[in-house]
Amino acid sequence: MIYREAGQFRTSYAADQALFPIRQDRLFVWAVIIFAFLFVPFLASEYLLRAILIPFVILAIAAIGLNILVGYCGQISLGSAAFMAVGAYASYDIAIHIPGLNLIVVFVLGGVCAAAAGVLFGLPSLRIKGYYLAVATLAAQFFFDWLFIRIPWFTNYAPSGSVSAPTLRIFGMRFDTPAGRYIFCLAILAVVALAAKNLVRGRFGRMWMAIRDMDIAAEIIGIRPLQAKLSAFALSSFVIGVSGALWAFVHLGSWEPLAFSIDRSFELLFMVVIGGIGSILGSFLGAAFITILPIFLNQLPGLLGIPLSTAMISHIEFMTFGALIVFFLIVEPHGLARLWAIARQKLRLWPFPH
Amino acid sequence: MAKLLKTGLFAVLGMVLAMAAPALAQNEQFIPSLVYRTGPYAPNGIPFANGVADYLKLVNERDGGINGVKISTEECETGYATDRGVECYERLKGKGPTGASLFMPLSTGITYALMEKVPGDKIPLLNSGYGRSESGDGNVIPWSFPVLGTYWDAADIAMTYIAKEVGGWDKLKGKKVALVYHDSPYGKEPIPLLQALGKQHAFDVELLPVTHPGVEQKATWLQIRQNRPDYVLLWGWGVMNSTALKEAAAVAYPRDKMIGVWWAGNESDTVPAEDAAKGYKALALNPTGSNFPVHADIFKYLYDKNIGVTDRKDVGSVLYNRGVINALFAVEAVRTAQGKFGKKPLTGEQVRWGLENLDLPADALKKLGFEGLLRPTKVTCDDHTGGSQARVFQWDGKTWQFVSDWIQSDQKIVRPMIEAAAKKYAGEKNLPTNACKQS
């Protein structure tokens, strides 16, 4: 009833091609953006901002990046954490060797380095596919782990191999407060999400999807696999690299290669799979599922006033989390985004379904 | 739309969190506990956490708190993962009437990450025997307290012991010492000091990293079999230690030439390795055993009433005792601070003053029931380590037996390195280097 598009006519091409053609969607998205930017920083507690929202926002960026590669171009990658690490360490090195450089420029350059690494490790994708490619991208994971642990130049000769980020300062403003950091990350997320959403509808997105659906057919209709696959690797790694820089600079402040271990790669891949392969919305949902749910489950017994030992809570957290992953994949193999799409279809007919 | 679910989730979460804030007693001192009772490091995390929890409980049960201020505590599981540690820190730092008194992360990685956050939140870190070695210098790093010693002290003490065993520092010339270390900031910390000592006394330092979590060490020990170093220093944690002992037995490397850091000398490291552990030596910050006066109290007030955290038989392992000692530092820091700020719940900033002026001479330790368990310790603003001494003990197949007296790390070597590293840290972070002179 509320969610009715009857009477909304698209009278121009621009209206027809809008990101959100239905007015209700549009209004809703605007409301959410305004809420997230203007209200959340004031309403949310410091804990919510620093421990939940900032990691969520940063990992949502990474999930969007990986979704470009896995969801749209169909190239499975298990090296995402390595590209995050490249973004983080490249930004660190740039920031300490060129002091005073604008932090946004630093992050973009960090992303560019990650993109270069992505292209390099994307090369095998021209020859191998599927599981074999996944295993080949693992090489990136191990290589960069090794690189940042063994070559002291990258960590500015820190004796322990752990580096800490310089002060966050953009245009003379310090981003030290949790709210400031949150808004900074959120702004980047908004730009990345908007860019990705547009990109996947355009020439590049169509190219990637053609390759994903059937690469031989795509080649026959004139799409060059080299260009398509490597551009997907480059863009995806760029976004993941920026998120890695944010993770290091904004969230952790001080990090070691273990922060970008293979577990993180798996985590990102699960975000994409559980959230919805080939869906920007799915990246958000997947990131929320993987980052927020375990913390919530961990606190749940305490919130309900059930006295349990710390170890037991932790075991229950793992079991419930695992069970939920299996549950959602059985109920809807296409991810949480698909669940939402189904709900939306139903909502349009409500209250008079066929 | 993406954000609909997101905000919905947060709304629910926010509401739940808001509802969850229970009515707090006003006269309580909150001492949080970051623990890991699961994962590959749990064998070492559990006894430590139990020791901390038992001692805090004992102070409440026996003395009714610290000068009448009850201690409240809460555990948060980090799993030794830095990001979860940061989440736990954020979760716990504001609890209690005055916020968290101090944090004991028991993880070098988490300590590193929290060092960036504690100056802003004004909560001290008690990283006793671990963490960034630079934090020994309170002039630059006022918020982190490696009471008992840094890793550089540990490396120096281990080498001093070896020098004594071979008959003097000059006899070390041309010898080979291998460092088998956990490939993380924890394991890498001692490297600069060992290399400096190696240069000074002309012995070779061979670095053999073991990747997290340390169950795969075949290649490392094959290298040791080939190179036959004269001594092996083991800088492991969790399952890595018992694995190393078994691998050493497999390549027939003499266990009595292996010396572990004070985190690689617990019963949970040697018992799983069974016979392979026999003869293995490790640094000891504290003895093992449950026959000290404080244990009598722990049994009397907690285990006889069935409110102890663990089983009776688990009381008194090396790391359990270290947990008790850590909790003692926390409690005494609060007590010291109460002397200045009054007998009420104190903020983290006030507790920091207490840590900075922590003084536990022999008679005080005797009164507290820690005689023989802990050396007299005195922290100052300049020197956060409060005396860097350790003994060496050896596993005889059943228990740890001391094989050396207390060894003091050579401050002529360690201290200048700590100060130089602290200065570099201050330069990177733009920090003042005279925090002690200001206050």
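Here is a short chat about a predicted model, its confidence, one helix and one interface.

Me: What makes the model's confidence for chain B high or low overall?
Reply: On a scale from 0 to 100, the mean pLDDT of chain B is 90, and 94% of its residues reach 70 or more. For the model as a whole, ipTM is 0.86 and pTM is 0.88.

Me: Which stretches of chain B have pLDDT under 50, and what follows for reading them?
Reply: Residues 1–5 of chain B stay under 50, with 14 contacts beyond four places in sequence in the model. Residues 11–23 of chain B are also below 50, and that stretch has 4 contacts beyond near neighbours in sequence. Where pLDDT is low, predicted coordinates should not be read in detail.

Me: How do you know what span to expect for α11 of chain A?
Reply: The rule is 1.5 Å times one less than the number of residues. Helix α11(A), residues 262–275, has 14 residues, so the rule gives the expected 20 Å. From first C-alpha to last, α11(A) reaches 20 Å, close to that expectation.

Me: Why are residues such as L268(A) called buried?
Reply: The label needs 20 or more other C-beta atoms within 10 Å of a residue's own. L268(A) carries that label, as do L269(A) and V272(A) among others in α11(A), so each of them meets that cut-off. Their cover includes α3, α12 and α13 of chain A.

Me: What makes up the side of chain A that touches chain B?
Reply: By class, that side has 26 nonpolar, 10 polar and 3 charged residues. Helix α12(A) gives the most, with 10 residues. In total, 39 residues of chain A are in contact with 38 of chain B.

Note on methods. Residues are numbered from 1 along each chain as its sequence is written. Chains are lettered from A and ligands numbered from 1 in the order in which they are written. This is a predicted model: local features need pLDDT of at least 70, side-chain atom pairs count only at pLDDT 80 or more; totals for chains, interfaces and linings use all residues. Two residues are in contact if their C-beta atoms, placed from the backbone, lie within 7 Å. Helices (H or I, at least four residues) and strands (E, at least two) are DSSP runs, numbered from the N terminus. Ala, Val, Leu, Ile, Met, Phe, Trp, Tyr, Cys and Pro count as nonpolar, Asp, Glu, Lys and Arg as charged, and the others, Gly among them, as polar. pLDDT is the predictor's confidence in each residue, from 0 to 100. A residue is buried if 20 or more other C-beta atoms lie within 10 Å of its own, exposed if 12 or fewer, and partly exposed in between; C-beta atoms are placed from the backbone.
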